[in-house]
Protein chains: 6
Amino acid sequence: MTPHPAQFNELIRLAIQEDLATGYDLSSLVLPHDQISKFGIFSRQNGILAGVFLIPHILSMVDPKLNYEILIKDGQNLKHGNLIASISGPLASVLLVERTCLNFLSHLSGVASLTAQFVAQVENTKTRIVDTRKTLPGFRALQKYAVRVGGGFNHRFGLHDMVLIKDNHWLYIGSLKKAVEEIRSMLGHAVKIEVEADSLDQFREALEARVDAVLLDNMSLNDIRTAVSENAGTVILEASGGITLENVRDYALAGVDIISIGKITHSAPALDFGLDEI
Amino acid sequence: MTPHPAQFNELIRLAIQEDLATGYDLSSLVLPHDQISKFGIFSRQNGILAGVFLIPHILSMVDPKLNYEILIKDGQNLKHGNLIASISGPLASVLLVERTCLNFLSHLSGVASLTAQFVAQVENTKTRIVDTRKTLPGFRALQKYAVRVGGGFNHRFGLHDMVLIKDNHWLYIGSLKKAVEEIRSMLGHAVKIEVEADSLDQFREALEARVDAVLLDNMSLNDIRTAVSENAGTVILEASGGITLENVRDYALAGVDIISIGKITHSAPALDFGLDEI
Amino acid sequence: MTPHPAQFNELIRLAIQEDLATGYDLSSLVLPHDQISKFGIFSRQNGILAGVFLIPHILSMVDPKLNYEILIKDGQNLKHGNLIASISGPLASVLLVERTCLNFLSHLSGVASLTAQFVAQVENTKTRIVDTRKTLPGFRALQKYAVRVGGGFNHRFGLHDMVLIKDNHWLYIGSLKKAVEEIRSMLGHAVKIEVEADSLDQFREALEARVDAVLLDNMSLNDIRTAVSENAGTVILEASGGITLENVRDYALAGVDIISIGKITHSAPALDFGLDEI
Amino acid sequence: MTPHPAQFNELIRLAIQEDLATGYDLSSLVLPHDQISKFGIFSRQNGILAGVFLIPHILSMVDPKLNYEILIKDGQNLKHGNLIASISGPLASVLLVERTCLNFLSHLSGVASLTAQFVAQVENTKTRIVDTRKTLPGFRALQKYAVRVGGGFNHRFGLHDMVLIKDNHWLYIGSLKKAVEEIRSMLGHAVKIEVEADSLDQFREALEARVDAVLLDNMSLNDIRTAVSENAGTVILEASGGITLENVRDYALAGVDIISIGKITHSAPALDFGLDEI
Amino acid sequence: MTPHPAQFNELIRLAIQEDLATGYDLSSLVLPHDQISKFGIFSRQNGILAGVFLIPHILSMVDPKLNYEILIKDGQNLKHGNLIASISGPLASVLLVERTCLNFLSHLSGVASLTAQFVAQVENTKTRIVDTRKTLPGFRALQKYAVRVGGGFNHRFGLHDMVLIKDNHWLYIGSLKKAVEEIRSMLGHAVKIEVEADSLDQFREALEARVDAVLLDNMSLNDIRTAVSENAGTVILEASGGITLENVRDYALAGVDIISIGKITHSAPALDFGLDEI
Amino acid sequence: MTPHPAQFNELIRLAIQEDLATGYDLSSLVLPHDQISKFGIFSRQNGILAGVFLIPHILSMVDPKLNYEILIKDGQNLKHGNLIASISGPLASVLLVERTCLNFLSHLSGVASLTAQFVAQVENTKTRIVDTRKTLPGFRALQKYAVRVGGGFNHRFGLHDMVLIKDNHWLYIGSLKKAVEEIRSMLGHAVKIEVEADSLDQFREALEARVDAVLLDNMSLNDIRTAVSENAGTVILEASGGITLENVRDYALAGVDIISIGKITHSAPALDFGLDEI
């Protein structure tokens, strides 16, 4: 399921505004701007498509006279040269939405494609690849959607939908156990509690506090294996910190349930797309 | 000069909203949230700093009781472990702005740092590295600022501030020369005209049309050298297409005035920063 | 902890705008509008105070020259005649914010006070009173805050932070168990799953599906007691439907963990406050 | 006549946003979300319908593919079980708008229904029931519309469309008469002047000042009868303060033209509605 | 009394945005932008000042480090060369607000000055000059304020705060009298009714319908004198249509209470102001 | 080419809001508001039409059931009595958009018509009439469009798309030449540089600095002729300051390339339009 596109109205409006400012598409001044034309969006690289669900919404925000056909859906594999979607309508309007559409597609498909590479590395393990809150400002819901499109799963969306207790949280309270107890007494039943552990000792303290999940942060593979073994399936175990395409499978094989990767949202290279008349 | 930070209110508001949604920072429920604390933003990688100019504005939007000190300015070199800025104020407010501040810094410093790598490659040539319109939706002005911070220069900001005539523009008019003439007759004197050329023939046609600049798109180094020589300084020459850190110096040595690189804005990996109590 | 007041900027702006439209406070035309005056907000009814945390923010949005002192905090008991807060500044600005401040206080304190009445009824049981999504459009986070101020707890905030499977959900999938399994395979680890059961059979099916919580909707007290006994603490049990101040204690004594009450947000009568010069 | 629905875009947007935050309807993840379904909005209580005029606008803001049929119009009597409107379209979109639609209907019909009860009490008198500015922030125009739907009339909409002089206004000027004269000399001819009187003396002073209306605030029934008799139809007389369903008819029989009731907007209990597949 | 400046945030934001778009003040790139400078706003024409009340608000929206001193207040006479206000602060911020401040001042002072010329023409009569709804989109409240500053009065602000029945209104109902009766039965007591009359017959019909005011539209001076005489002070009489600085006194001497002039808002020439370093 | 109408959503929303505030069109309460009616927009003066391109967009923002036909396009000559466009749909919606549509048309056609008068004065010279940044806040893009419709050309749109160096710029740097050099070293290749000269000496200094254009500000016709002669076509020459309909041809004949006139945007009298049932 895709997010509701109207949620991104503000971001789309910003994108259109920065391409137009308060003026015009000066390069189109002499074109026959009302002439009905048809263009195709083509992939120029292999990867996973994400973001095409936004195209109809972007078009309708700019000019209701623009039509489209979506030929490849989000989540499908792209080969160089695939026709993703066609856009037809007044020439000036097509040229006006071109860059906004391509920029959204490039970025989101980049996130999905990098996620898919991490997911492929942990194939045939029970481990899931998940995202973080290290997202581009304004893009969190879109990037988290692209992560799912690429085969990953979503961690919490923000500060509001899950508790994640780090050491600078519990230091203020005195002990991890006390922090968990106090926070649980104030939370509604809809919210889960995860605790960040930097050592086996902290992990054991978290286990005793009966939290829902423990994040093993920057721990050695050996320590992680010990934690997995001591945990014996009691709570969800998450690994993070210094995990790359090269070593991610080692962490999966160590037995954690989820591995969180900031890189898939903050550093995914764009996928290349182009618009050509058809 | 930095852009006016109030221009980014909407993007900052989106960032805060996606971290808070309509709720709270659940993990801070049990903290002594009004306790005055002091935290530092530290670099965890080498690179060029960009985006620190936004910090005071983000803080003031979230909680006017937050204070700060900026220790390193945009454009300076970072070493792993540098203290960039300190933030002090009510604990809950500091934790609330943490991720938004870090996410802006990480991304913009990533753009500046990658730009600086390209700029370093063309050192001691007259060639400038410039950006494109392949930017993240909503981030154009910020990314273009980061490009300047990294030593690059800005191409046009949008469709409204320069004419860039591509082949699908002039095909509608008949000839490049006619397209240029017609568009010039409608343009104010404040606007420059650049033409995209895919071949030496198109380049020569553009020269004759007396435009301000020619974009040599995806042309071979040999053709580019010919164009430079025939041009003899008449118009500004720009190269683009398939240019990487490895081959960028070859293009610079071929004598073009500017080289435009989409990658510095659409695919710059983030720089790592962290927040620690001090 | 209070929500972040800047989240309510839009609602506050609407409130001020509807009192001013595009004009003035006509009744203040002849007043010495710049004269510094001091007014107090007084309670005119007994109850629980909620919403006073918004006052500083409302004042700062209307006129930074307005000052205040908060004398009673959210969550405290009010007697008729208590001085809640003082506001001082230019007379015209005080009169302009008067109704907006009082209207927020009246409504939110009404919600907190009604919640507190329900909470008092279940005293010395382990049962918690929780809210629903039957909130006033635009007021959800504020009303849910007022519920907490009144001693209640929060259910999910929206469609995005917890799964609540109702029968029209699983009918599309075939069986409850299948629906739960499918949805779990797509959810991140941060999200809990609750199922609505209308009968003991559905409750048992939900238990088998190993969900986090079961909502016993409109079930008889007898059936609820059976469910509590069969559940034996395995999942969280919630009761809802036709629960009033008169019968809420019976449901609590039947042993459910939480009781959700729409009335505390959609039908709470306002508490009366007034502004007088002091 | 209904208000223009686009005026409420911001409130509707807030309502949808708080149900979705930046995520999805998680419970709908496994549904066949594009499947065309048809649901009905049913009343679950007797009362007066208000707010159905918003439904088409809410649907169009969320998903233009949603269709509807309105079967009962605002102002009509509802019996438990009436089908108010049908909504058809993609399943996921229907579930997404459900709570927003029901929450608006419940609240506004609650206001109309309580108003209608007051109006019924003063049947066959010349007295009108009117609202006040004690409305929910952001809901003033909607609540005032619901008051009219319930048979009541509207007092001023805000500080900008009528003068209402209270004692803390004229104290600054010296005398009521002087205050009225000064304000009249500054007002355009489109604006009426009402004065609040707490005693017969103040009422007489207001009469002499030749205002358009006098608000008899918290005065005894006896004093009100005296005022009505002395007024002899000269100005409009309004009663307010401590008026309930039980005693409202006494005030009407005392002969005032209008009775203003804060309760109909700030404390109206919601009317219950539900959405079921049909 | 001035309007509340925060009401104009959107218009001010638009003004700043159109001067900056998504970029910078390019001309200031090489200036010492943080250098504290002091500039004065000077009048370059005689007239009436209006709009200076907005300056502090504009400055605070752009840069809280900008300071100001207001030396001449709205409503005062200006001579060429007067120092209106001083602005000091970072050079780049001063240059950035310059044009926005001057453009507001120029337009609003133009409106006030033209109004004052009309007001001067009707000196020593009882007639008031009032505005219309023929205002610049987005500027209504500001222009109506400038009209008051220039000595004029305000007609209704919009469609919502007074009834003005024109012939195409009553044609739908059957007769003017019936239209007035029906509308009165639906209106709250806060609203006045004015009727537009194109002939003496229509004027007499309106008088019988006991409205609050009659607008004598495009009627001859003779007919207007007859209407004034027949009216004998019963209702407010307004004249409009083809009234200029040259003939306005004739209409005033004919005895109408108010004369409405579209020109003072839709066609007032700007007053010239400049910013110079001091 | 017209600007993209969605750019003006905010201004249109402000215009509708100020006519409606949070209420209704009270005068339409008793009309058969859903009755389908047809009205025409007629010119009541001769001039040049501008702004009709906004009509479809305004209608769609208010009520999608409104239809229209555009009979005269922007840029055409109007005679008194011409039918510009027809609007049909629900009566209440037509009356609601009437004033907003007419106010936009009146102002923009006023700008186009005054521009056309200046353009007519310089007929058969090579000189162009251009606008300035002395525009109404929020109207810059619309007014600059109207200038083009009237036969004029656009100067820069804001501070962001061209450099215009005035004396208070270069005084900070030391010399004009140094200021130009420094700024050029920081500017991208897309931006032109113009310099304001108050004397022949400054003009000559600017010529030496090899800028793109020189603004001869408030210089005598004699000095301007000297500058034109010395310039010999090297840079674009602009004249401004004290130029009126009466003397504009003298400046054109003196040989400048462009003449900028603030009056065409800040002081254009409105053109009169009306709406009548047809």
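In the predicted model, chain A is assigned two domains: domain 1 is discontinuous in sequence, spanning residues 5–117 together with 269–277, while domain 2 covers residues 120–266. The centres of domain 1 and domain 2 of chain A, taken over C-alpha atoms, lie 35 Å apart. Contact between them involves 19 residues of domain 1 of chain A and 17 residues of domain 2 of chain A. Together the two domains of chain A bury about 1,500 Å², and carbon and sulfur atoms account for 75% of this area. On the side of domain 1 of chain A, Val111(A), Thr115(A) and Gln117(A) contribute 32% of the area buried against domain 2 of chain A, more than any other three residues.

Five residue pairs, with both members at pLDDT 80 or more, are in polar contact between domain 1 and domain 2 of chain A, whereas the count of salt bridges between these domains is zero. Helix α3 (residues 91–121) of chain A makes the greatest contribution to the face of domain 1 that touches domain 2, supplying nine residues. By class, this face of domain 1 of chain A consists of 13 nonpolar, five polar and one charged residues.

Between subunits, the contact of chain C with chain D takes 63 residues from chain C and 63 residues from chain D. The area buried between chain C and chain D amounts to about 5,400 Å², with 60% given by carbon and sulfur atoms. Four salt bridges are found across the interface of chain C and chain D. A salt bridge joins the side chains of Arg140(D) and Asp19(C), with an N to O distance of 2.3 Å. In addition, 26 residue pairs (both at pLDDT 80 or more) are in polar contact between chain C and chain D.

Several elements of chain C give two or more residues to the side that touches chain D: the helices α1 (9–20), α3 (91–121), α4 (140–149), α5 (167–170) and α6 (176–186), and the strands β1 (36–43) and β7 (163–165). The residues on this side of chain C divide into 35 nonpolar, 15 polar and 13 charged.

Superposition of chain C on chain D is achieved with an RMSD of 0.0 Å by a turn of 180° and a shift of 0.0 Å along the axis. The two copies are therefore related as by a two-fold rotation axis. The same surface serves both copies, with 100% of the contact residues of chain C recurring in chain D.

A further interface is formed by chain E and chain B, where 13 residues of chain E are in contact with twelve residues of chain B. The area buried between chain E and chain B is about 1,000 Å², of which 62% comes from carbon and sulfur atoms. Thr22(E), Tyr24(E) and Leu29(E) supply 53% of the area that chain E buries against chain B, more than any other three residues.

Across the interface of chain E and chain B, zero salt bridges are found, and two residue pairs (both at pLDDT 80 or more) are in polar contact. Helices α2 (55–62) and α3 (91–121) of chain E each provide at least two residues of the side that touches chain B. This side of chain E comprises eight nonpolar, four polar and one charged residues.

Key:
Residues are numbered from 1 along each chain as its sequence is written. Chains are lettered from A and ligands numbered from 1 in the order in which they are written. This is a predicted model: local features need pLDDT of at least 70, side-chain atom pairs count only at pLDDT 80 or more; totals for chains, interfaces and linings use all residues. Side-chain values use heavy atoms; hydrogens and water are left out. Domain bounds come from an automatic or database domain assignment. Contact means heavy atoms within 4.5 Å. Buried area is the accessible area (1.4 Å probe) that two parts lose on being put together, summed over both. A polar contact is a pair of N or O atoms within 3.5 Å; within protein, one must be able to donate a hydrogen and the other to accept it, and residues adjacent in sequence count only if both atoms are side-chain atoms. Helices (H or I, at least four residues) and strands (E, at least two) are DSSP runs, numbered from the N terminus. Ala, Val, Leu, Ile, Met, Phe, Trp, Tyr, Cys and Pro count as nonpolar, Asp, Glu, Lys and Arg as charged, and the others, Gly among them, as polar. Copies are superposed by least squares on the C-alpha atoms of residues with pLDDT of at least 70 in both.
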